[in-house]
Amino acid sequence: MAGKKTLQPLPIHPDHGLHTDYLCMMIPLIAWPTFLYGLRPLVVCLTAMVTARICDRIACWLRSRRFDPSENSSIAQALLLAMLMPASVPYYVVAVSVAFSVLLAKEAFGGYGAYPFHPTAVGYAVAAVSWPQYLFRYPTPFQGKLPLWGSLESISYSQGLSSAMRAGGVPNVTDMDLLLGNYPSLLGTAPVLIILGCGLFLLARRRINLWVPLSFLAGAAFIAWCFPRIGNAQGWLWQDAAQRLVSLRFELFSGGMLFAAVFLSCEPGTCPKNRISRLVYGLVWGILTMMYRYYGNYDTGVCFALLVMNTSSGYIDRIVSRLVTNRKGVRRNVG
């Protein structure tokens with residue numbers, strides 16, 4: 001009708017508390033690689049943060065809206081992306097991948113909460129496909145501090161644990177080193193004890209839930225136990241339990257599995273809304289992640305699997321809601 005005002009949908013405001021807590025959790029995560037490699041990990045994180053803030057201002061300018069300095073979701077997601085890179089990654093790789101995650105994966109879809117794909121996973125996928133020679137070589141710890149500038153070709157590099165398992169070998173890493181993160185890996189995904197501590201803090205603050213992380217790890221653990229890449233376990237699932245347990249331990253504690261369970265699984269914009277949907281979502285995500293590990297070309301397949309699951313998050317919610325509604329209708333008719 002003429003003259004009738006149309007109500008505009010309310011903008012989706014970010015949960016400042018959630019991302020502030022994420023930023024706080026980045027402090028202990030970055031402290032350990034700084035101890036191992038020197039100041040270069042700090043510069044990598046600073047590059048990610050500055051790039052994210054610049055991209056936020058560019059997006060506000062392009063969309064003719066006022067810049068909100070308290071909106072820190074892009075900085076938190078950029079730091080999560082930096083945690084998924086090795087300490088030796090070139091700074092321009094960090095800047096370009098963060099720019100893609102903010103401008104393409106987030107702002108191009110309308111900003112916070114409107115994007116269908118996790119921006120961190122998009123940025124990682126761009127970097128992994130474009131510069132695999134930098135993302136999948138890891139500097140060896142305790143070989144001295146990495147230089148802040150100049151060439152890094154003279155330092156010693158190692159392959160990740162997933163590469164060793166893909167070749168059928170057992171990673172030469174003790175249980176204590178696995179828990180502390182004393183092995184060549186990504187910046188923030190190695191220290192298991194720190195990640196678990198961060199998860200408990202976020203859980204106590206009700207920033208994350210247990211449904212997606214636990215079902216995600218359960219799906220991955222099921223594949224790792226049934227089809228271990230270490231040893232030659234055969235027969236029934238309870239046979240060769242020692243070999244299966246070794247494979248399970250290395251699969252869950254490496255390659256960003258715990259990091260993704262704590263920091264990537266409960267993104268409000270991409271996570272399903274009800275509990276049953278979250279259980280299904282996490283379970284399929286865990287299984288798909290192991291498929292990427294077993295048959296993919298990249299050590300860290302969790303982000304690629306997450307992007308696939310993001311496409312089905314809404315469908316899972318609708319299917320589960322329809323099934324629950326139909327079941328209630330059947331019960332009402334029977335009663």
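Buried means under 20% relative accessible area, exposed means over 50%, and partly exposed is anything in between, using a 1.4 Å probe and protein chains only. This is a predicted model, where local features need pLDDT of at least 70, side-chain atom pairs count only at pLDDT 80 or more, and totals for chains, interfaces and linings use all residues. Residues are numbered from 1 along each chain as its sequence is written, and side-chain values use heavy atoms, with hydrogens and water left out.

**Exercise 1. Find Y292 and work out whether Y292 is buried, exposed or partly exposed.**

Step 1: Start with the address. Y292 sits in helix 13, residues 275-295; helices here are DSSP runs (H or I, at least four residues), numbered from the N terminus.

Step 2: Check the area. The relative accessible area of Y292 is 28%, so Y292 is partly exposed.

Step 3: Look at the company. Skip the neighbours within four places in sequence, and Y292 touches Y298, G301, F304, A305 and V308. Contact means heavy atoms within 4.5 Å.

Step 4: Try a residue from elsewhere in the chain. V94 is 198 residues from Y292 along the chain, and their C-alpha atoms are 23 Å apart.

**Exercise 2. Describe how helix 3 is covered and how helix 3 packs on helix 4.**

Step 1: Count the buried residues. In helix 3 (73-83), 11 of 11 residues are buried. Among them are I75, Q77, L80 and M83.

Step 2: Get the geometry. Helix 3 and helix 4 pack at about 140°, and their axes are 10 Å apart. Axes are lines fitted to C-alpha atoms, for helices over the stretch in contact, and angles run from 0 to 180 degrees between N-to-C directions.

Step 3: Put a word to the angle. Helix 3 is therefore oblique to helix 4. For the cut-offs, under 35 degrees is roughly parallel, over 145 roughly antiparallel, 65 to 115 roughly perpendicular, and the rest oblique.

Step 4: Add the handedness. Helix 3 and helix 4 make a right-handed crossing; a crossing is right-handed if the near helix is turned clockwise from the far one by less than a right angle, and left-handed if anticlockwise.

Step 5: List the contacts. From helix 3 come S74, A78 and L81, which meet S97, V98, S101 and V102 of helix 4. These contact residues split into 4 nonpolar, 3 polar and no charged. Ala, Val, Leu, Ile, Met, Phe, Trp, Tyr, Cys and Pro count as nonpolar, Asp, Glu, Lys and Arg as charged, and the others, Gly among them, as polar.

**Exercise 3. Work out the span of helix 5 and its packing against helix 4.**

Step 1: Take the span. Helix 5 (residues 119-130) has 12 residues and runs 17 Å from its first C-alpha to its last, close to the 16 Å expected at 1.5 Å a residue. The expected span is 1.5 Å times one less than the number of residues.

Step 2: Check the cover. Helix 5 is mostly covered, with 10 of its 12 residues buried, including T120, V122 and Y124.

Step 3: Turn to the partner. The axes of helix 4 (residues 91-104) and helix 5 come within 8 Å and cross at roughly 135°, so helix 4 and helix 5 are oblique to each other. Their crossing is right-handed.

Step 4: Name the contacts. V93, S97, F100 and S101 of helix 4 meet P119, G123, V126 and A127 of helix 5. The tally for this contact is 5 nonpolar, 3 polar and no charged.

**Exercise 4. Describe the contact between helix 10 and helix 11, then place A218.**

Step 1: Read off the packing. Helix 10 (residues 211-226) and helix 11 (residues 241-252) have axes 8 Å apart and an angle of about 140°. The two helices, helix 10 and helix 11, are therefore oblique to each other, with a right-handed crossing.

Step 2: Pick out the contacts. Helix 10 brings residues including L217, A221 and W225, and helix 11 brings residues including R244, L248 and E251. The contact residues come to 10 nonpolar, 1 polar and 2 charged.

Step 3: Place A218. A218 is in helix 10 and counts as partly exposed because its relative accessibility is 40%.

**Exercise 5. Say where S64 is found, and what its phi is.**

Step 1: Locate S64. S64 is in the loop between helix 2 (40-62) and helix 3.

Step 2: Give the angle. S64 has a positive phi of about 55°, although S64 is not a glycine. Most residues other than glycine have a negative phi.

Step 3: Check the surface. S64 counts as exposed, at 69% relative accessibility.
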